[in-house]
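Subject: The structure I promised you

Hi,

Here is the structure we talked about, with the sequence alongside. Have a look around in the viewer, then read on for what turned up.

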Amino acid sequence: MADIDSRTARRYARKAGDERPLKGYATVLGVFATVAGAVAGVARLTGRELPERPAVGDVALLAVATHKISRLLTKDAITSPIRAPFTEFEEAAGEAELNESPRGHGARHAVGELVTCPFCAGVWVAGGLATGLVFAPRLTRFGMGVAAAVAGSDFLHLAYDVAKRKASG
C-alpha cells in the first residue's frame, strides 16, 4: 500500500476529477492495522480471550453506542475543535450538527475525511469499544450505556419536535 505512486493516484481519481489521497488513506489504514495488531498482541500477552460468541445485548449496545459516539465525534458542534486542524466549516446542519469538508492534501485530507464521516469513524469507534470490552468490560459497558441513553434522548427530542410541529400546524 505504501508503494502508491502519484501516477497511480492520478489514474485512480481521473473519472472523479478529484484528488483521492491514496497515500494518506494507506497511512490511515496502516495506523488502524498497527493499533489493532498491538491490541491483539497485548491481549494475548495478558491472557485476555475474546468471547466465543458476543452476547446479543453487547452487540446491540455496541451498535447504538457506536452510532452516537461516531456522530458526536464527526458532526457535533462541540467537538469541532478536534476536527478543525483537518477540516473547514461549511454550514450548520441543524440539530447541533455541522457540515465540514476535509482540507489539505495527503494524510491530512484523509484524516479530514475520516473525522467528518460518521460511517468511516464508526469502524474506529466500534474497534475502540470492542477493545474496551476485552480489557475493561464493566467500564466499557457503562460508557456504552451512557452513549446509548444519549442516542435515545436525541431520538426522543426529534420526535417531540415533530409532534409539536404537527400539533401547532
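**Salt bridges first**

D58 and R141 form a salt bridge, with their closest N and O atoms 2.8 Å apart. D58 sits in helix α3 and R141 in helix α7, so this pair ties together parts of the chain that are 83 residues apart in sequence. Before going further, please keep in mind that this is a predicted model.

If salt bridges are new to you, the basic idea is simple: side chains of opposite charge can pair when their charged atoms come close.

How exposed are the two partners? D58 has a relative accessible area of 16%, and because anything under 20% is called buried, D58 is buried. R141 is partly exposed, with a relative accessible area of 37%.

How many salt bridges are there in total? The count comes to 4. Here are two others to click on.

D154 pairs with K68, and the closest N and O atoms are 2.4 Å apart. D154 belongs to helix α7 and K68 to helix α3, so this salt bridge ties together parts that are 86 residues apart in sequence. K68 is buried, at 14% relative accessible area, while D154 counts as partly exposed at 29%.

E97 forms a salt bridge with R71, with the closest N and O atoms 2.8 Å apart. This pair also links distant parts of the chain: E97 is in the loop between β1 (87–92) and β2, R71 is in helix α3, and they are 26 residues apart. R71 counts as partly exposed, since its relative accessibility is 25%.

**The chain as a whole**

Now zoom out. The chain has 7 helices and 2 strands. Following the sequence, they come in the pattern α-α-α-α-β-β-α-α-α. The C-alpha trace spans about 60 × 55 × 25 Å along its principal axes.

What share of the chain is buried? Of the 169 residues, 27% are buried. The accessible surface comes to about 11300 Å², and 65% of that belongs to carbon and sulfur atoms. As for contacts with a separation of 6 or more, 56% of them are between residues 24 or more positions apart.

**A closer look at α3**

Helix α3 runs over residues 56–75, and you can check its length yourself. With 20 residues at 1.5 Å a residue, the helix should span 28 Å (the expected span uses one less than the number of residues), and its end C-alpha atoms are indeed 28 Å apart, so the two agree.

Which residues of α3 are buried? They are D58, L62, A65, T66, K68, S70, T74 and K75. What covers them includes α4 (80–83), β2 (98–102), α5 (106–116), α6 (118–135) and α7 (137–168).

L61 is in α3 as well. It counts as partly exposed because its relative accessibility is 23%. Apart from its neighbours within four places in sequence, L61 is in contact with R141, M144, G145 and A148. R141 is the residue you met in the salt bridge with D58. L61 and R141 are 80 residues apart in sequence, yet their C-alpha atoms are 7.9 Å apart in space.

**A residue in β1**

For something in a strand, try T87, which is in β1. Is T87 buried or exposed? At 4% relative accessibility, T87 counts as buried. Leaving out neighbours within four places in sequence, T87 is in contact with E100, S101, P102, R103, G112, V115 and T116.

**A nonpolar patch on the surface**

Last stop: the outside. V31, F32, V35, V123 and W124 make a nonpolar surface patch of about 390 Å². Where do these residues come from? Helices α2 (22–45) and α6 each supply at least two of them, and α2 gives the most, with 3 residues.

V31, one of the patch residues, is found in α2. V31 counts as partly exposed, because its relative accessibility is 40%.

If you want a place to begin, colour α3 and α7 and look for the D58 and R141 pair, then go on to D154 and K68.

Have fun with it!

Note on methods: Residues are numbered from 1 along each chain as its sequence is written. This is a predicted model: local features need pLDDT of at least 70, side-chain atom pairs count only at pLDDT 80 or more; totals for chains, interfaces and linings use all residues. Side-chain values use heavy atoms; hydrogens and water are left out. Helices (H or I, at least four residues) and strands (E, at least two) are DSSP runs, numbered from the N terminus. Buried means under 20% relative accessible area, exposed over 50%, partly exposed in between (1.4 Å probe, protein chains only). Contact means heavy atoms within 4.5 Å. Patches are made of residues with over 30% relative accessible area and no salt bridge: like charges are joined within 9 Å, nonpolar side chains (Val, Leu, Ile, Met, Phe, Trp, Tyr) within 5 Å. Accessible areas come from the Shrake-Rupley method with a 1.4 Å probe; for residues, only the protein chains shown count as cover. A salt bridge is a side-chain nitrogen of Lys or Arg within 4 Å of a carboxyl oxygen of Asp or Glu.
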